[in-house]
Amino acid sequence: MESLYDYGSRSGFWRLHELLLRKNVPCTVFAVGMALERNPTAAHAMIDAGWEVASHGYRWWDYQNVSEDVEREHIRRTVQIHKDLLGGVRPVGMYQGKPNVNTRRLVVEEGGFLYDSDSYADDLPYWTREYGDGDDNKNKPHLIIPYTLSENDMRFASPNGFSNAEQFTTYLKDSLDYLVEEGRRGSPKMMTVGLHCRLVGRPGRAKGLEEFLEYAKSLGSDVWICKRDQIASHWYQHHYPDDLKSSL
């Protein structure tokens with residue numbers, strides 16, 4: 001089982017790295033802190049490519065039953081790993097992946113994250129005021145940029161998921177077409193495509209991803225292909241809660 005993940009770091013990552021650079025497509029990488037420590041060459045390649053390196057936690061654990069103190073320390077540690085390996089650049093996004101009831105509060109408490117993606121609840125980013133950042137700013141909003149398990153290559157590894165690259169590509173194109181039409185009718189949306197080096201990094205699947213990227217780029221100004229930190233910046237600038245805009 002471990003060697004399946006090894007394929008991602010040894011081969012799949014570099015195939016996707018070459019593809020995205022060749023197609024001039026930016027991306028956000030959700031990086032596990034310990035994985036960055038063990039593969040600094042890939043970490044430096046991400047920065048050199050101009051990609052956003054967001055946090056995927058310190059360990060790929062199910063944090064459901066992890067104590068608050070341990071999770072707080074893991075968040076602190078992974079932020080420091082990013083700084084140490086990526087030229088002092090800290091992560092501004094967090095996707096723990098398997099969070100618990102404390103995770104979002106701890107992310108807000110840490111103080112340096114612009115957003116988290118531990119949600120599947122919408123086609124657009126949204127704000128929560130549930131946590132704030134202390135007594136003086138207890139209503140300060142926190143941005144959530146939802147992730148997806150639908151437009152996601154994990155479905156290559158799930159029952160009744162994608163059997164081949166053509167199914168993957170067709171589903172992504174259909175999703176994008178529908179959202180573009182909604183945008184043309186005045187209600188634009190966000191589309192996330194979730195990728196894993198060990199899955200879509202296989203050559204037969206990467207071919208399908210390449211076809212979709214070419215299609216998305218062919219739509220021109222109807223589609224903004226961007227990183228999640230760019231989405232966050234846009235949302236802070238244009239969709240910050242009205243009653244707090246004067247404090248920006």
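Where does histidine 82 lie? Follow the chain to helix 4, which covers residues 68–85, and you will find histidine 82 there. Keep in mind as you explore that this is a predicted model. Histidine 82 has a relative accessibility of 0%, so this residue counts as buried. Leaving aside residues up to four places away in sequence, histidine 82 touches Ala31, Leu36, Val53, Ala54, Ser55, Val89, Arg90 and Pro91. One of these neighbours, Ala31, belongs to strand 1, which spans 28–31. Val53, Ala54 and Ser55 are also among the contacts of histidine 82, and strand 2 covers 52–55.

Next, let us turn to the aromatic rings. There are 14 aromatic pairs in the model. Take tryptophan 61 and tyrosine 63 as a starting example: their ring centres are 5.9 Å apart and their planes meet at 40 degrees, so this pair is tilted. A pair counts as tilted when the angle is neither under 30 degrees, which would be stacked, nor over 60, which would be edge-to-face. How buried or exposed are the two partners? Tryptophan 61 is partly exposed, because its relative accessibility is 30%, while tyrosine 63 is buried, with a relative accessible area of 0%.

Phenylalanine 162 and tyrosine 171 give another example. Their ring centres lie 5.9 Å apart with the planes at 55 degrees, so this pair is tilted too. Phenylalanine 162 is buried at 7% relative accessibility, whereas tyrosine 171 is partly exposed at 28%. Tyrosine 171 has a charged partner as well: the charged end of arginine 155 sits over its ring, 4.8 Å from the centre. A similar arrangement involves arginine 205, which lies over the face of phenylalanine 156 at 4.6 Å from the ring centre. Elsewhere, ring pairs join Phe30, Tyr95, Tyr120 and Tyr147 into a cluster.

Now look at the surface. Which residues make a nonpolar surface patch of about 450 Å²? Met1, Leu4, Tyr5 and Trp60 do. Tryptophan 60 sits in the loop between strand 2 and helix 4. With 39% relative accessibility, tryptophan 60 counts as partly exposed.

The chain also brings together parts that are far apart in sequence. Lysine 217 lies in helix 7, made of residues 203–218, and is partly exposed at 40% relative accessibility. Although lysine 217 and valine 25 are separated by 192 residues in sequence, their C-alpha atoms are 8.9 Å apart in space. Not counting residues up to four places away in sequence, lysine 217 touches Lys23, Asn24, Val25 and Ile225.

One of those contacts, asparagine 24, deserves a visit of its own. Asparagine 24 is in the loop between helix 1 (2–22) and strand 1 (28–31). Its phi angle is near 55 degrees, a positive value in a residue other than glycine. With 63% relative accessibility, asparagine 24 counts as exposed. Asparagine 160 also has a positive phi, near 60 degrees. To find asparagine 160, look in the loop between strand 6 (142–144) and helix 6 (165–184). At 79% relative accessibility, asparagine 160 is exposed.

Technical notes. Residues numbered from 1 in each chain as written. Predicted model: local features only at pLDDT ≥ 70, side-chain atom pairs only at ≥ 80, totals over all residues. Heavy atoms only, no water. Phe/Tyr/Trp six-rings, centres within 6.5 Å; stacked < 30°, edge-to-face > 60°. Buried < 20%, exposed > 50% of the residue type's maximum accessible area, 1.4 Å probe, protein only. Lys NZ or Arg CZ within 6 Å of the ring centre and 35° of its normal. Helix = DSSP H or I, 4+ residues; strand = E, 2+ residues; numbered from the N terminus. Contact = heavy atoms within 4.5 Å. Patch = residues over 30% accessible without salt bridge, like charges linked within 9 Å, V, L, I, M, F, W, Y side chains within 5 Å. Areas by Shrake-Rupley, 256 points an atom, 1.4 Å probe, with all protein chains shown as cover. Salt bridge = Lys/Arg side-chain N within 4 Å of Asp/Glu carboxyl O.
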